[in-house]
There are 2 protein chains.
Amino acid sequence: MLHMGLVVQKFGGTSVSDAQKIHRAARRAIRAKLDGHRVVMVVSAMGRTTDKLLSLANDVSSNPPKRELDMLLTTGEQVSIALMAMAIHDAGHEAISLTAAQLGLMTDSVHTKARIQRIERQRLERELELGRIVIVAGFQGIDQAGEITTLGRGASDTTGAALAAVLGAGACEIYTDVDGVYTADPRLVPDARKIDRISYDEMLEMASSGAGVMHSRAIEFGMRFNVPIHVRSSLTDAPGTMIMAETEGMETIAIRGVTLRENLAAVFLIGMPNQPGMVSTVFSEIAGHNIIVDDIIQNIYDSGRKANVGFVIDAEDAPVTKEVAERLAKEQGYEGVEIHESVSKVSAVGVGMRSHSGVAAKMFDALSGAKINIYTISTSEIVISCVVSREDGPRALAAMHEAFELAKSNGGGSEG
Amino acid sequence: MLHMGLVVQKFGGTSVSDAQKIHRAARRAIRAKLDGHRVVMVVSAMGRTTDKLLSLANDVSSNPPKRELDMLLTTGEQVSIALMAMAIHDAGHEAISLTAAQLGLMTDSVHTKARIQRIERQRLERELELGRIVIVAGFQGIDQAGEITTLGRGASDTTGAALAAVLGAGACEIYTDVDGVYTADPRLVPDARKIDRISYDEMLEMASSGAGVMHSRAIEFGMRFNVPIHVRSSLTDAPGTMIMAETEGMETIAIRGVTLRENLAAVFLIGMPNQPGMVSTVFSEIAGHNIIVDDIIQNIYDSGRKANVGFVIDAEDAPVTKEVAERLAKEQGYEGVEIHESVSKVSAVGVGMRSHSGVAAKMFDALSGAKINIYTISTSEIVISCVVSREDGPRALAAMHEAFELAKSNGGGSEG
């Protein structure tokens with residue numbers, strides 16, 4: 001009955017950044033153990049270790065091979081698991097640290113952004129049977145050939161969620177330096193409130209539209225295997241935010257939270273001949289430069305003969321995109337290209353949006369009331385986003401937060 | 001024909017302590033590659049990394065489990081091999097880093113002082129076939145169960161020598177921050193000279209009697225598999241010291257070098273009843289406290305009925321040893337116990353000593369001429385050691401160095 005009372009606790013870099021914090025995390029795991037749980041910990045590299053290792057790499061090479069980057073960076077988590085095991089032993093309890101190779105966390109061979117393919121359970125279950133707290137190195141994996149891989153920056157969350165899924169844990173607890181997910185970034189909106197419960201879908205949209213709290217793939221794992229993810233503070237015992245399957249009650253709240261994503265550029269291709277292949281040419285050319293494009297919107301006019309196409313990119317990709325777009329404009333006869341190199345995107349996210357009409361209208365009203373000009377609008381099932389000028393971003397976020405009454409009991413006041 | 005032109009280059013921590021030094025080591029390996037050699041590098045952890053990791057361990061635990069210490073410490077070498085591979089790639093050449101697990105450097109399961117049992121050749125040979133410089137993490141191993149082990153402090157030398165042995169390399173080059181082995185510690189004897197060639201036996205004796213330049217097990221590997229070990233500077237191209245099998249020419253020099261080992265205590269058990277079991281009781285009791293005893297000497301008197309026994313220990317072990325000895329003295333009826341807590345040992349080492357008479361006399365003469373009182377004398381096949389007071393140590397060393405004329409062409413002037 002391995003599944004009964006098993007808990008996965010993941011501790012981020014800020015929660016293991018010194019001996020005192022490592023001991024605090026160790027005590028939390030020991031407490032869960034004493035409460036009768038089987039405990040698997042996942043730990044990240046201490047504090048700024050990963051950045052320090054990257055800086056060493058940049059000192060010796062302008063373009064380090066990805067295989068060797070993975071060899072280098074995985075040492076950070078290996079240090080943490082060893083120290084965590086020592087701390088638990090020091091407190092008089094049994095623990096064992098495991099690297100991805102020792103655990104059998106198998107990935108594909110795509111260095112620096114590998115994907116988990118399989119997690120062996122034998123070693124884990126054997127150590128748990130012995131009554132040990134098992135400490136797994138986050139972020140790392142191993143491929144079929146025994147090569148060391150990593151899952152991408154921030155992916156210790158993913159390790160935690162994947163382990164929780166494989167072991168059928170009741171929940172994956174993500175301990176971090178914030179006490180949960182907020183209705184808006186509290187640094188920008190002082191009356192932002194902690195969200196008690198949020199659906200996987202909403203959390204994915206919040207994460208992709210600017211809320212940096214969680215690694216998206218971890219949320220996907222939780223969703224796919226229906227493992228609740230509890231994001232909470234490593235400093236207190238207060239409950240944090242539970243990321244979980246959508247429940248009926250959730251829909252009574254139209255908007256769960258609002259987000260701001262900065263450092264973007266908005267690109268407009270004006271008066272494109274609206275012919276098959278035109279749009280695909282643009283985006284294949286841009287993708288060929290490894291530029292990620294977001295929020296593509298197209299309108300047509302002139303009886304469908306012309307189109308205006310807009311999209312959003314990272315501001316740093318603006319120069320290259322401008323070159324490509326202006327060349328294509330000449331070759332293919334657009335009327336013009338416009339690039340706004342300093343914009344932000346504000347979004348409102350909520351599964352309740354589906355059943356509440358008027359959410360969009362309320363958002364536009366809020367922005368209008370704050371005298372904020374809207375560049376583009378895009379909507380999906382549970383998100384409405386507007387691009388605004390960079391300087392308007394924080395004010396737009398605050399206006400939306402107020403309009404949807406998110407400061408009141410977790411957004412409960414928003415009607416529709 | 002893997003054996004042809006294969007070279008193993010080992011770089012110590014001071015030779016890879018920053019990006020510039022890593023690049024310098026990389027260039028040396030690349031040069032060997034361009035000269036037509038197949039190149040295997042062994043690297044240690046950067047600079048003081050191992051000490052820093054140990055200090056982290058001490059921050060979280062007063063008595064860290066040895067398994068977790070190995071988990072922790074092996075990250076130091078993993079960082080170095082990744083950076084070295086990046087540096088070689090950066091210079092436009094092919095390289096690959098390998099952990100002990102990836103290479104298949106199998107050891108027993110004695111954490112923190114494991115012994116090498118087997119080294120797999122397949123992966124190494126495959127990578128060399130591909131024309132790559134192979135960079136192996138020193139100091140670490142893996143046991144049958146996949147547990148990470150270490151070979152003891154300074155044991156990257158041993159990794160290098162073992163690899164050279166397994167691969168049938170022409171030599172194992174040990175790059176370090178000194179340019180070879182000296183006739184005496186140059187900090188104490190300014191006219192000490194670099195030794196060109198020294199036998200494995202002599203080097204083992206020099207190392208165990210105070211010359212800290214090499215890990216003893218590395219020398220044993222070299223001796224067992226007849227792999228010459230070339231200790232040389234990572235900063236210059238000058239040849240260093242070749243540690244190799246004894247050759248006829250070597251014996252024409254009586255003394256190869258002199259050494260000083262400090263921070264010792266000398267213990268004398270006076271007037272022991274000379275009965276079977278007496279001496280063994282003493283040394284089992286002392287060994288039971290994990291105290292290492294060196295240079296045991298015994299004389300008898302009173303028609304063989306009484307014995308005086310002397311031995312040397314680390315000064316820090318003196319208090320415990322004193323307790324044990326004084327208790328035994330009471331229980332077993334010795335006449336007395338004397339401990340000199342601040343002594344040093346000077347030794348003269350040389351295979352030529354076997355065929356040259358008068359070496360001991362010359363040494364005592366030198367000490368007497370310098371008005372140095374001798375506490376104990378012990379001799380073996382190729383070593384003569386004297387214990388003297390700590391304050392006399394450096395002067396004793398210098399007097400011996402001069403008496404054996406070691407400053408002249410590598411000790412060639414010493415007759416016998």
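## Where the two chains meet

In the contact between the two chains, 29 residues come from chain A and 29 residues from chain B. Keep in mind as you look around that this is a predicted model.

On the chain A side, four helices each put in at least two residues: α1 (19-34), α2 (49-60), α3 (66-90) and α4 (100-103). The biggest giver is α3(A), with 14 residues on the side of chain A that touches chain B. As for the kinds of residue on that side of chain A, you'll find 17 nonpolar, 9 polar and 3 charged.

## A sheet in chain B

Now hop over to chain B. Here 6 strands make an open sheet, and if you walk across it the order is β14-β15-β13-β16-β18-β17, with antiparallel pairing. At the edges stand β14 (294-301) and β17 (376-380) of chain B; each has a single partner strand, so one side of each is left without a neighbour in the sheet. The strands aren't lined up perfectly, either: ignoring direction, neighbours in this sheet are turned by 30 degrees against each other on average.

Let's zoom in on one pair. Strand β13 (residues 257-273) of chain B runs antiparallel to β15 (residues 306-314) of chain B, and 8 bridges join the two. For a spot to look at, try Leu264(B), which stands opposite Asp314(B) in β15(B).

## Helices lying across the strands

Two helices of chain B are worth finding next. One is α11 (residues 359-369) of chain B, which lies across β16 (336-349), β17 and β18 (383-389) of chain B. Helix α11 runs at about 20 degrees to β18(B).

The other is α12 (residues 393-403) of chain B, lying across β13, β16 and β18 of chain B. Measuring up against β13(B), helix α12 runs at about 115 degrees.

## Chain A as a whole

Back to chain A, this time for the wide view. Chain A holds 12 helices and 18 strands, and its C-alpha trace spans about 75 × 50 × 35 Å along its principal axes. A compact globule of 416 residues would have a radius of gyration near 22 Å, and chain A comes in at 24 Å, which agrees.

How much of chain A is buried? Buried residues account for 51% of the 416 residues in the chain. There's also plenty to trace between distant parts of the sequence: of the contacts in chain A between residues at least 6 apart in sequence, 74% join residues at least 24 apart.

Methods. Residues are numbered from 1 along each chain as its sequence is written. Chains are lettered from A and ligands numbered from 1 in the order in which they are written. This is a predicted model: local features need pLDDT of at least 70, side-chain atom pairs count only at pLDDT 80 or more; totals for chains, interfaces and linings use all residues. Two residues are in contact if their C-beta atoms, placed from the backbone, lie within 7 Å. Ala, Val, Leu, Ile, Met, Phe, Trp, Tyr, Cys and Pro count as nonpolar, Asp, Glu, Lys and Arg as charged, and the others, Gly among them, as polar. Two strands pair if DSSP finds at least two bridges between them. Axes are lines fitted to C-alpha atoms, for helices over the stretch in contact, and angles run from 0 to 180 degrees between N-to-C directions. The radius of gyration is taken over C-alpha atoms; the globule rule is 2.2 Å times the number of residues to the power 0.38. A residue is buried if 20 or more other C-beta atoms lie within 10 Å of its own, exposed if 12 or fewer, and partly exposed in between; C-beta atoms are placed from the backbone.
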